[in-house]
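Please open the model in your viewer and keep the sequence panel beside it. The stops below go from the whole chain to single side chains.

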Amino acid sequence: MVTLLGFSTTLFSQQQTVGLRFGDLTGISYTRGDDRGAWEVNLGRTYLKYHNRKRSTEFDQWLEDQTFWQEANADPSYEAVLLRSDIEPELALQVRRLFRGFVVDPRTNSATRMSWYAGGGAQLRYERYSYIVYEIKPSPVPESERYIQVINDPSHYLGLGMDVTAGLDYALMQFPFVVFLDFSMYNRISNFSFEPIAHAGFGARYVFRQG
């Protein structure tokens, strides 16, 4: 996710880029640096539910503390209990330091530029989720009255993690745009939870050359 290309052939000039990133995370992407390295900041939403294992364990622990099982079983007007979790996409902020080198050097090929990059940094993620319980009345109760919500337990999560990344970016030198593709490994370290998760992203940025 770096893009310090520059439609100029001047090497190591300072540049800023801004654009859109899709994947995990999806949002706004910004870089500042030169052909040797850059700082990258991404802000957006994460839609991949890599935390399902952790949430599943937390849900099981939460269930152990509830009494609705006994209450529902003792009430003959209900035939079952429906459980579900409502998890919103996480809001994430990524800050990474990236180092780069040329795959296609513009000094020998003035029409295009391709670069590799690698680096790492930190992520801060915020998530809101709820555990919801419905008691279900048997037929012939109208469908709109069958599901009675008895519990809605919202929670909030703020997590910090580290990630490493590697990728490629590509540009046609006559246009002030760059496209990129990267692969990353994120490891959440807050709450003593170590969960390495692989993810990827792609996108495009507009290049502002500063000289």
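How many helices and how many strands does the chain have? Colour this predicted model by secondary structure, and the chain shows three helices and nine strands. Followed from the N terminus on, the elements run β-β-β-α-α-β-β-β-α-β-β-β.

Before going to details, keep the whole chain selected and consider its totals. Of its 211 residues, 44% count as buried, and the chain exposes about 10,900 Å², of which carbon and sulfur atoms supply 62%. If the contacts with a separation of 6 or more are taken together, residues 24 or more positions apart account for 68% of them.

**The N-terminal strands**

Select residues 15–23 and 26–34, which are strands E1 and E2, and you will see them pair in the antiparallel sense over seven bridges. The two strands form a hairpin with two residues between them, and within this pairing Arg-21 stands opposite Gly-27 in E2. Extend the selection to residues 37–46, strand E3, which pairs with E2, again in the antiparallel sense, over nine bridges. Here too a hairpin makes the connection, joining E2 to E3 through two residues, and if you look for the bridge partner of Arg-32 in E3, you will find Trp-39.

**From Arg-21 to Asp-182**

Return to Arg-21 and display its side chain together with that of Asp-182, since a polar contact of 2.7 Å joins the two. Asp-182 is found in strand E8. Is Asp-182 buried or exposed? With a relative accessible area of 0%, Asp-182 is buried.

**An aromatic cluster**

Now show the aromatic rings, among which three aromatic pairs are counted. One of them is formed by Phe-177 and Tyr-206, an edge-to-face pair with 5.2 Å from centre to centre and 70° between the planes. This pair links distant parts of the chain, with Phe-177 in strand E8 (residues 177–188) and Tyr-206 in strand E9 (residues 195–209), 29 residues apart. Why is the pair of Tyr-206 and Phe-208 edge-to-face? The ring centres of Tyr-206 and Phe-208 lie 4.7 Å apart and their planes stand at 70°, so this pair is edge-to-face, given that planes over 60 degrees apart are classed in that way. Select Phe-177, Tyr-206 and Phe-208 together, as they form one aromatic cluster. Colouring by relative accessibility gives 47% for Phe-177, which counts as partly exposed, while Tyr-206 at 32% and Phe-208 at 41% are also partly exposed.

**Charges over rings**

Which ring has the charged end of Arg-125 over it? Centre the view on Tyr-186, where the charged end of Arg-125 sits over the ring, 4.5 Å from its centre. A further stop is Phe-99, whose face has Arg-97 lying over it at 5.4 Å from the ring centre.

**Leu-172 and its contacts**

For the last stop, select Leu-172, which lies in strand E7 (residues 147–172) and, at 34% relative accessibility, counts as partly exposed. Leaving aside the neighbours within four places in sequence, you will find Leu-172 in contact with Ala-111 and Thr-112. Add Pro-106 to the view and draw a distance between the C-alpha atoms of Leu-172 and Pro-106, which are separated by 9.9 Å although the two residues are 66 residues apart along the chain.

Notes:
Residues are numbered from 1 along each chain as its sequence is written. This is a predicted model: local features need pLDDT of at least 70, side-chain atom pairs count only at pLDDT 80 or more; totals for chains, interfaces and linings use all residues. Side-chain values use heavy atoms; hydrogens and water are left out. Rings of Phe, Tyr and Trp (its six-membered ring) pair if their centres lie within 6.5 Å; planes under 30 degrees apart count as stacked, over 60 as edge-to-face and the rest as tilted. Helices (H or I, at least four residues) and strands (E, at least two) are DSSP runs, numbered from the N terminus. Buried means under 20% relative accessible area, exposed over 50%, partly exposed in between (1.4 Å probe, protein chains only). A charge sits over a ring if NZ of Lys or CZ of Arg is within 6 Å of the ring centre and within 35 degrees of the ring normal. Contact means heavy atoms within 4.5 Å. A polar contact is a pair of N or O atoms within 3.5 Å; within protein, one must be able to donate a hydrogen and the other to accept it, and residues adjacent in sequence count only if both atoms are side-chain atoms. Accessible areas come from the Shrake-Rupley method with a 1.4 Å probe; for residues, only the protein chains shown count as cover. Two strands pair if DSSP finds at least two bridges between them.
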